[in-house]
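Work through the exercises below with the model open beside you. Each task is followed by a stepwise solution.

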Amino acid sequence: LNALLKGEIDISEELSGDLIPLAKKSKEIVLARQDEIGVAQQIRINSIQPPFDNPKLRQALLHAVDGADFLAAVIDDPDLGRPCRSFYVCSSPYFTEAGFPKFDLAKAKALLREAGYDGTPVVLLDAAENPNIHAFTTVADELLKSIGFKTDLQAMDWATVVARRASKEPVGKGGWSIFISGPGGLDMMEPVSHLGLRSNCEKAWFGWPCDAEIETMRTAFADLSDKEQRQALAAKIQARAAETVPYVPIGVQYQIRAHRANLTGLLTPPAPVYWNITRR
């Protein structure tokens, strides 16, 4: 940001929330969303190891998470993000709240009791050098404890998170229970390419959710051409995901680009590109 303010560079991508107020003070800097889809912030759950190999405990977490509380920890401007009570990103043509439970801490606590939670610690991988992830993970840690989970918050850098999340070992042998990430929203638009919804067991994204019903519906979705049929099936997939809980959505967060005011023609696709730009 200092280099941008001095005119040593022209563009800074993914400006962190704590730097936005500083950038706003300069008339030489323009702030805008990098794209209109955003990133799909989410709590990724390890479905193959205790405690979250129990679907009732995953459901408990889904009932306990209010995306607005998480986003409030990193942004104070509603234009920078919003909760999505859906497994589809907010701007998706298949966005639906079908089957998605209402925020209910009492229900979450009841599900813990029904599941017979035995105190197995929830290991949270905290990428402490990343302001967003660290804030979200801290909120998650407090939330989990408030509904009755025992937690183990482990601070590390993102590179270590990336290495640890590939482990399928129990938490006592270097495994994990939760990490938080924000994949590009473009990957969360529809069921076929949906990174988070994939429930094809060993081939799924980290956390390895496994559900033949979701996979059958995802395959059927690819064969449909009628928009209304696709929307109806997408809603059924969402309802099933609310039962199996492959992950817990937090909401969409818009990445902010800062650039020198004398630049024009910046484009806003889901991934930054550097053509069409001119300097006045």
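**Exercise 1: a central strand**

In β7, the bridge partner of I43 is I180. The model is a predicted one.

Task: Place β3 in its sheet, and state how β3 pairs with β7 and β8.

Solution.
- Step 1. Read the strand order. The open sheet has six strands, ordered β4-β8-β3-β7-β5-β6, with mixed pairing.
- Step 2. Take the β7 side. β3 and β7 run antiparallel and are joined by four bridges. The I43–I180 pair belongs to β3 and β7.
- Step 3. Take the β8 side. Six bridges link β3 and β8, again in the antiparallel sense. Here V39 has Q253 of β8 as its bridge partner.

Task: Are the residues of β3 buried or exposed, and which way do they point?

Solution.
- Step 1. Count the buried residues. Seven of the seven residues of β3 are buried, so the strand is mostly covered.
- Step 2. Split the strand by direction. V39, Q41, I43 and I45 point one way. A40, Q42 and R44 point the other way. Both sets are buried.

**Exercise 2: edges and a packed helix**

Task: Which strands stand at the edges of the six-stranded sheet?

Solution.
- Step 1. Go to the ends of the order β4-β8-β3-β7-β5-β6.
- Step 2. Name the edges. They are β4 (81–82) and β6 (151–156). Each has a single partner strand, so one side of each lacks a neighbour in the sheet.

Task: Describe how β5 pairs with β7, then find the helix that packs on the sheet.

Solution.
- Step 1. Compare the directions. β5 (residues 122–127) and β7 (residues 178–181) run parallel, joined by two bridges. L124 has I178 of β7 as its bridge partner.
- Step 2. Add the helix. α6 (residues 131–146) packs on this sheet. It touches β3, β5, β6, β7 and β8. The directions of α6 and β5 make about 160 degrees.

**Exercise 3: the core**

Task: Which residues touch the most other members of the largest nonpolar core, and which element gives the most to it?

Solution.
- Step 1. Recall the background. Nonpolar side chains tend to be buried together in soluble globular proteins.
- Step 2. Pick out the residues. The core has 75 residues, and I43, F52, L61 and F149 touch the most other members.
- Step 3. Name the element. α6 gives the most, with six residues.
- Step 4. List the contacts of I43 beyond four places in sequence. They include L61, V65, F70, I178, I180 and Y247.

**Exercise 4: a buried charge**

Task: Which side chain of opposite charge is nearest to R164, and how far away is it?

Solution.
- Step 1. Locate the residue. R164 lies in helix α7 (residues 158–164).
- Step 2. Check the distance. The nearest side chain of opposite charge is D152, 6.9 Å away. A salt bridge needs the charged atoms within 4 Å. R164 is buried and has no salt bridge.
- Step 3. See what surrounds R164. Beyond four places in sequence, its contacts are V123, L125, Q154, M156, G174, G175 and W176.

**Exercise 5: the other sheet**

Task: What is the strand order of the three-stranded sheet, and where does I9 sit?

Solution.
- Step 1. The order is β1-β9-β2, open and antiparallel. β1 (11–12) and β2 (29–33) are the edge strands.
- Step 2. β2 and β9 (residues 256–260) share five bridges. A32 has R257 of β9 as its bridge partner.
- Step 3. I9 sits in the loop between α1 (2–6) and β1. Its relative accessibility is 35%, so I9 counts as partly exposed. Beyond four places in sequence, I9 contacts A3, L4 and R260.

Key
Residues numbered from 1 in each chain as written. Predicted model: local features only at pLDDT ≥ 70, side-chain atom pairs only at ≥ 80, totals over all residues. Heavy atoms only, no water. Buried < 20%, exposed > 50% of the residue type's maximum accessible area, 1.4 Å probe, protein only. Lys, Arg positive; Asp, Glu negative; His and termini not counted. Contact = heavy atoms within 4.5 Å. Pairing = 2+ DSSP bridges. Axes fitted to C-alpha atoms, helices over the stretch in contact; angles between N-to-C directions. Core = buried A, V, L, I, M, F, W, Y, C linked by side-chain atoms within 4.5 Å.
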